[in-house]
Amino acid sequence: MNQQLADRLRFLRAFATNPRQVGAILPTSRLAVRDMLDMGDVPGASLVVELGAGTGSQTGEILARMGPDARLVALEIDPRLVEILEERFTDPRLQVVCDSAENLADHLGDERADVLVCALPFTSLEPKLRRRILESLPSALGPDGVALVIQYSPLIQSELRRLFGDVRRRISPVNVPPAFLFACRRGPRVD
Ligand SMILES: C[S@@+](CC[C@H](N)C(=O)[O-])C[C@H]1O[C@@H](n2cnc3c(N)ncnc32)[C@H](O)[C@@H]1O
């Protein structure tokens, strides 16, 4: 069985076990991942954070774009998906953490992310948890950092606009379902 099919089956199994937590039946398509990462400067980042890494569809592309001395901290709450990530990636720049994104600050210490990639299924998460995670995002970023958020609906757009000074949106239509991509920066929009 090829890697992509194996990943899809494992992802589907995770979805069947916990649909609200996984939030999608398929991993994000390669094209949507590329469209999303094109909205931030991954090659220039020293620290990249990934929330909800799943089977690694974004992790692999982030590592491919990152510089040799950069680091990626990837949080994933499902221990079976963490096992897959650890089997799949042996890159020393990657640290996989099995924990909820709401505890991100504990794993960052004094560091701040230059790029934060977030694929959490905000619309199906419990509302208080969703709010806690969303409200923690701006302070996880460095002053010039960007949070790249992928969703399957525009529902959290107003919440992102409340939390960030500059929110840009793209749609990646060649994903099942079409993906809404947000690039969020703390400062006001300048262009
Ligand atoms: C829509 S999937 C995205 C997976 C992968 N990044 C992709 O794009 O294919 C959402 C992922 O977020 C994880 N997740 C859900 N709630 C989480 C939380 N509170 N903290 C960390 N990960 C979480 C799920 O287990 C799942 O792997």
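Start at leucine 9, which sits in helix α1 (residues 3-17); helices here are DSSP runs of H or I with at least four residues, strands are runs of E with at least two, and both are numbered from the N terminus. The model is predicted, so local features need pLDDT of at least 70 and side-chain atom pairs count only at pLDDT 80 or more, while totals for chains, interfaces and linings use all residues. Residues are numbered from 1 along each chain as its sequence is written, and side-chain values use heavy atoms, with hydrogens and water left out.

Leucine 9 has 37% relative accessibility and therefore counts as partly exposed; buried means under 20% relative accessible area, exposed means over 50%, and partly exposed lies in between (1.4 Å probe, protein chains only). Now add Leu5, Leu12 and Ile25 to the selection: with Leu9 they form a nonpolar surface patch that has about 340 Å² of accessible area together. Patch members have over 30% relative accessible area and no salt bridge; nonpolar side chains (Val, Leu, Ile, Met, Phe, Trp, Tyr) are joined within 5 Å, and like charges within 9 Å. Areas come from the Shrake-Rupley method with a 1.4 Å probe, and for residues only the protein chains shown count as cover.

Next, select residues 48-145, listed by UniProt in an unreviewed entry as "domain: Methyltransferase". UniProt positions follow the numbering used here, feature names are shortened, and annotations may be inferred rather than shown by experiment. The chain over residues 48-145 is 39% helix and 27% strand, and its end C-alpha atoms are 10 Å apart.

Then go to the ligand. Around the ligand are 21 residues, of which Thr28, Gly52, Ser57, Glu76 and Ala101 come nearest; a residue counts as near if one of its heavy atoms lies within 4 Å. A backbone N or O atom of glycine 52 is 2.7 Å from a ligand nitrogen atom, and a backbone N or O atom of alanine 53 is 3.5 Å from a ligand nitrogen atom. In the side chain of glutamate 76, an N or O atom lies 2.6 Å from an oxygen atom of the ligand. The protein covers 98% of the 590 Å² of accessible area that the ligand has on its own.

Salt bridges are the next stop. The whole structure has 14 of them, each a side-chain nitrogen of Lys or Arg within 4 Å of a carboxyl oxygen of Asp or Glu. Select arginine 34 and glutamate 61, whose side chains meet in a salt bridge (3.7 Å, N to O). This pair links distant parts of the chain, 27 residues apart: arginine 34 is in helix α3 (residues 30-37) and glutamate 61 in helix α4 (residues 57-65). Arginine 34 is partly exposed at 35% relative accessible area, whereas glutamate 61 is buried at 17%. Extend the selection to Asp38 and Arg65, which are linked with Arg34 and Glu61 in a network of salt bridges.

Finish at glutamate 159, in helix α8 (residues 157-163). Glutamate 159 is buried, with a relative accessible area of 17%. Its salt-bridge partner is arginine 131, the closest N and O atoms being 3.9 Å apart. The two are 28 residues apart and link distant parts of the chain, with arginine 131 in helix α7 (residues 127-140). Arginine 131 is partly exposed at 44% relative accessibility.

Now show arginine 162 and glutamate 135, whose side chains meet in a salt bridge (2.9 Å, N to O). Glutamate 135 lies in helix α7 and arginine 162 in helix α8, so the pair ties together parts 27 residues apart in sequence.

Methods
Polar contact = N/O pair within 3.5 Å; in protein donor to acceptor, adjacent residues only side chain to side chain.
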